[in-house]
Amino acid sequence: MEGILLHICCAPCGGGCVERLLAERRGVRLYYSNSNLGDRAEFDRRLESVRSLAQIYRLELEVDPYDHAAWLAAVAGLESEPERGRRCPFCFGFSLARTAQRAAELGMNFTTTLTVSPCKSSAMIFSAAAGFAHFEAWDFKKRDGYRRSCEIARQHNFYRQRFCGCEFSRPLTAAGPD
């Protein structure tokens, strides 16, 4: 069984991805890297569910230190871009670069849960990851991956948000994320 470092953005996205990798007889280690999140409270809230996911599947979890200032510098000048616009590849690249660095330190290949979302272009994510050694291009949307991830999230009552996390994508509603 070959191990893989899985960049994870949130537990609702991660459940189906973890299940698929384990079904492929892959050892999985989670790497929570989410400095794109606009505030530390959101980072911690998502991390709480990721910790639950890791416990349920008995997986190791590493947490990349929250560094929103570095993320803001990486997307500087793109703040007014729409969701799914020119900012997104830089955002993906930021988290994937941090994951690639950790994967290299561990001598592992890596992939990301980002491809499970129907709101994100897997091709854009793969393009952002193209320069990183040891990246495996898993398109977790395939084989009903998003539906399965949603089922697992409901089953375990994982915190589900309605936006990717950066303050530029946050819905402009008083209710905020669910």
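**Helices α1 and α2.** I looked up how α1 and α2 (residues 40–57) lie against each other, and found that their axes, which are lines fitted to C-alpha atoms over the stretch in contact, come within 9 Å and cross at roughly 20°. I therefore noted α1 as roughly parallel to α2, the word being used for angles under 35 degrees, with angles running from 0 to 180 degrees between N-to-C directions. The model is predicted, and I kept in mind that local features need pLDDT of at least 70, side-chain atom pairs count only at pLDDT 80 or more, and totals for chains, interfaces and linings use all residues. Residues are numbered from 1 along each chain as its sequence is written, and side-chain values use heavy atoms, with hydrogens and water left out.

I then listed the contacts (heavy atoms within 4.5 Å): A11, G14, G15, V18, E19 and L22 in α1 meet S49, V50, L53 and Y57 in α2. These residues of the contact of α1 with α2 divide into six nonpolar, three polar and one charged.

**Helices α1 and α6.** Next I checked α1 (residues 11–23) against α6 (residues 145–156), whose axes come within 7 Å and cross at roughly 115°. The two helices are therefore roughly perpendicular to each other, a label that covers 65 to 115 degrees. On the α1 side I found P12, C13, G15, G16, C17, E19 and R20, which meet G145, R148, S149, I152 and A153 in α6. The residues of the contact of α1 with α6 divide into five nonpolar, four polar and three charged.

**Helix α4.** I tested the length of α4 (residues 87–106): at 1.5 Å a residue, counted over one less than the number of residues, its 20 residues should span 28 Å, and the end C-alpha atoms are 29 Å apart, which agrees. Among its buried residues (under 20% relative accessible area, with a 1.4 Å probe and protein chains only) I noted R87, C91, F94, R98 and A103. What covers the buried residues of α4 includes β1 (3–8), β2 (27–32), α3 (68–74), β4 (109–112) and α5 (122–129). Just after α4, I saw that G107 takes a positive phi of about 70°.

**Residue S35.** Finally I turned to S35, which is found in the loop between β2 and α2. S35 counts as buried because its relative accessibility is 1%. Leaving aside neighbours within four places in sequence, I found S35 in contact with P65, Y66, D67, H68, W71, F94 and R98; F94 and R98 are among the buried residues of α4.

Terms used. Helix = DSSP H or I, 4+ residues; strand = E, 2+ residues; numbered from the N terminus. Parallel < 35°, antiparallel > 145°, perpendicular 65-115°, else oblique. Nonpolar A, V, L, I, M, F, W, Y, C, P; charged D, E, K, R; others polar. Buried < 20%, exposed > 50% of the residue type's maximum accessible area, 1.4 Å probe, protein only.
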